[in-house]
Number of protein chains: 2
Amino acid sequence: MQAVPHSTKERILTAAEELFARHGFDGASLRQLTAAAGVNLAAVNYHFGSKDRLIEEVFRRRLDQLNGHRMTALSRIAGLPETSLEDVLAAFIKPALELSHEGSGSLFMRVLARAFAEHDDTLRKFLSENYGHVMRQFTAEFGRLLPQLSREELYWRVDLVTGALTHAMSGFGMIQRKSDVTERVHREQTAEHLIRFAAAGLNAP
Amino acid sequence: MQAVPHSTKERILTAAEELFARHGFDGASLRQLTAAAGVNLAAVNYHFGSKDRLIEEVFRRRLDQLNGHRMTALSRIAGLPETSLEDVLAAFIKPALELSHEGSGSLFMRVLARAFAEHDDTLRKFLSENYGHVMRQFTAEFGRLLPQLSREELYWRVDLVTGALTHAMSGFGMIQRKSDVTERVHREQTAEHLIRFAAAGLNAP
DNA sequence: GCAGGAATCAAACGATCGTTTGAGCATACG
DNA sequence: CGTATGCTCAAACGATCGTTTGATTCCTGC
């Protein structure tokens with residue numbers, strides 16, 4: 001973890017991620033943002049074209065990585081007869097926890113939670129078009145493992161699970177790591193906790 | 001349900017609730033807001049003092065009612081030996097569903113979801129000071145019914161449940177009512193659905 | 001070593017924001 | 001009737017927003 005990233009574009013993206021998480025997309029101005037990044041005000045429009053395009057790039061940088069890991073993990077277990085509900089949940093949750101615990105990525109989940117709360121059509125369309133296939137594939141696999149649920153019940157429960165996880169990983173409600181466990185162990189314990197809760201909810205009678 | 005509420009204050013509050021839900025607290029301007037309410041721009045600062053105080057009043061109007069119903073329902077069952085986890089969840093969920101289904105209150109849960117996503121200190125402090133005791137009493141009752149959980153696990157699971165429910169009730173992911181069931185029946189079915197999911201999650205092994 | 005595109009910079013643009021002002025209108029009370 | 005009092009109104013305030021401009025500096029390839 002270095003103090004200042006290399007390029008101007010990356011400095012802007014990192015500062016934007018933090019300020020969007022803290023003050024929202026409207027609440028964080030380009031003047032605060034460029035001041036925090038140590039770059040000129042005009043650099044945002046020069047490198048990204050507009051504030052909206054900057055917002056999209058903030059999402060793209062993390063979601064490409066996050067959903068890539070998710071799809072890789074899912075593809076290893078999807079359709080196999082020995083795959084359990086917990087396996088699929090682990091493929092969904094663990095990449096997010098890894099991102100959440102590595103250096104600068106911890107604030108991104110809060111940006112994502114904001115995007116959920118904002119019912120902004122432009123942002124929703126962007127997320128749906130670029131990353132909607134990930135949720136569809138996970139939902140399909142959940143459906144395979146929960147054949148007793150109607151399609152309606154399945155959608156509902158997946159929605160409840162994603163809501164709970166987004167809320168949990170964006171908040172500082174996150175359980176603090178005890179000083180006598182390594183971060184790797186703590187991350188495993190957190191994942192176990194979330195997976196057990198989500199699996200029980202999905203499997204509800 | 002009448003087209004235009006009586007007083008200027010109520011017209012402002014109703015328009016504010018809708019616009020805050022749709023565009024956020026920063027995104028909705030006082031000019032849009034007063035135009036939608038059919039009142040003069042200066043009326044907000046005359047009747048409420050500032051935009052921030054208006055935001056607080058939007059919360060106060062609904063939360064006084066919502067948490068009043070929640071506390072009444074909880075007080076009827078708290079501490080009794082025959083009370084079940086589902087009973088406590090019902091006391092928490094059903095008042096919110098009733099609010100969510102009556103006329104203009106349906107958008108308020110989206111306002112509440114925004115308040116969760118915004119980590120604004122002023123707003124959090126206001127909500128915690130005025131309504132924190134409600135969550136504390138519900139958490140205490142959950143703890144009584146789930147003695148096998150450590151305090152840490154209890155807090156975590158309650159946080160996951162509130163996250164899931166807030167997310168569910170704020171989204172239009174809400175299951176649509178079929179034309180052959182009354183709204184009252186539909187509300188009962190929705191409550192059953194949420195309660196079953198939450199109880200299973202809280203009771204996870 | 002110099003030409004030329006890429007990048008940075010200070011400054012300004014028009015628009016919109018929350019808030020304030022002071023005059024005008026209404027209703028109620030002596 | 002006169003006059004307070006509560007409310008509404010158009011207009012303006014200063015601040016801040018995203019964006020654009022044009023000059024300047026940096027850096028690379030011939």
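Which residues form one aromatic cluster? Phe20(A), Phe25(A), Phe59(A) and Phe108(A) do. The model is predicted. The report starts with the DNA and then turns to the protein chains.

**DNA strand C**

There are 15 residues around DNA strand C. Thr8(A), His47(A), Leu30(B), Arg31(B) and Lys51(B) come nearest. Of the strand C atoms that come within 4 Å of the protein, sugar and phosphate account for 48%.

Both chains take part. Helix 3 (43–48) of chain A and helix 2 (30–37) of chain B each supply at least two residues of the surface near DNA strand C. By class, that surface has six nonpolar, six polar and three charged residues.

**DNA strand D**

DNA strand D also has 15 residues around it. Here Leu30(A), Arg31(A), Lys51(A), Thr8(B) and His47(B) come nearest. Sugar and phosphate make up 47% of the strand D atoms that come within 4 Å of the protein.

Helix 2 (30–37) of chain A and helix 3 (43–48) of chain B each give at least two residues to the surface near DNA strand D. The classes are six nonpolar, six polar and three charged residues.

**Phosphate contacts**

The table lists distances from a polar side-chain atom to a phosphate oxygen.

| Residue | DNA strand | Distance |
|---|---|---|
| Thr8(A) | strand C | 2.4 Å |
| Tyr46(A) | strand C | 3.1 Å |
| Lys51(B) | strand C | 2.4 Å |
| Ser29(A) | strand D | 3.3 Å |
| Thr8(B) | strand D | 2.4 Å |
| His47(B) | strand D | 2.7 Å |

**Aromatic rings**

A pair of aromatic rings is described by the distance of the centres and the angle of the planes. Over all chains, the count comes to 11 aromatic pairs. One of them joins Phe126(A) and Tyr131(A). Their centres are 6.5 Å apart and their planes stand at 75 degrees, an edge-to-face pair. Phe126(A) is buried at 7% relative accessibility. Tyr131(A) is buried too, at 9%.

Chain B offers another pair, Phe92(B) with Phe138(B). The ring centres are 5.1 Å apart and the planes meet at 75 degrees, so this pair is edge-to-face. Phe92(B) lies in helix 5 (residues 85–101) and Phe138(B) in helix 7 (residues 121–145), so the pair ties together parts that are 46 residues apart in sequence. Phe92(B) is buried at 9% relative accessibility. Phe138(B) is buried at 0%.

Phe92(B) has a charged partner as well. Arg70(B) lies over the face of its ring, 3.8 Å from the ring centre. Elsewhere in chain B, Lys9(B) lies over the face of Phe48(B), at 5.5 Å from the ring centre.

**Helix 1 of chain A**

Glu17(A) sits in helix 1 (residues 8–27) of chain A. Is Glu17(A) buried or exposed? Its relative accessible area is 1%, so Glu17(A) is buried. Its side chain makes a polar contact with the side chain of Arg62(A), at 2.7 Å.

Glu18(A) forms a salt bridge with Arg22(A), with the closest N and O atoms 2.9 Å apart. The two are four residues apart in helix 1 of chain A, so about one helical turn separates them. Glu18(A) is partly exposed at 36% relative accessibility. Arg22(A) is partly exposed at 38%.

**Other salt bridges**

How many salt bridges are there over all chains? The count comes to 13.

Lys94(A) and Glu188(A) meet in one, at 3.5 Å from N to O. This pair links distant parts of the chain. Lys94(A) is in helix 5 (residues 85–101) of chain A and Glu188(A) in helix 9 (residues 183–202), 94 residues apart. Lys94(A) is partly exposed at 28% relative accessibility. Glu188(A) is partly exposed at 31%.

In chain B, Arg144(B) and Glu141(B) form a salt bridge of 2.8 Å, N to O. Both lie in helix 7 of chain B, three residues apart, about one turn of the helix. Arg144(B) is partly exposed at 35% relative accessibility, whereas Glu141(B) is buried at 6%.

Some salt bridges join into a network. Glu56(A), Glu57(A) and Arg60(A) are linked this way.

**A glycine in helix 4**

Gly68(A) lies in helix 4 (residues 51–75) of chain A. Gly68(A) is partly exposed, with a relative accessible area of 29%. Ala91(A) is 23 residues away along the chain, and the two C-alpha atoms are separated by 11 Å.

Conventions. Residues numbered from 1 in each chain as written. Chains lettered and ligands numbered in written order. Predicted model: local features only at pLDDT ≥ 70, side-chain atom pairs only at ≥ 80, totals over all residues. Heavy atoms only, no water. Near = heavy atom within 4 Å. Polar contact = N/O pair within 3.5 Å; in protein donor to acceptor, adjacent residues only side chain to side chain. Nonpolar A, V, L, I, M, F, W, Y, C, P; charged D, E, K, R; others polar. Buried < 20%, exposed > 50% of the residue type's maximum accessible area, 1.4 Å probe, protein only. Phe/Tyr/Trp six-rings, centres within 6.5 Å; stacked < 30°, edge-to-face > 60°. Lys NZ or Arg CZ within 6 Å of the ring centre and 35° of its normal. Salt bridge = Lys/Arg side-chain N within 4 Å of Asp/Glu carboxyl O.
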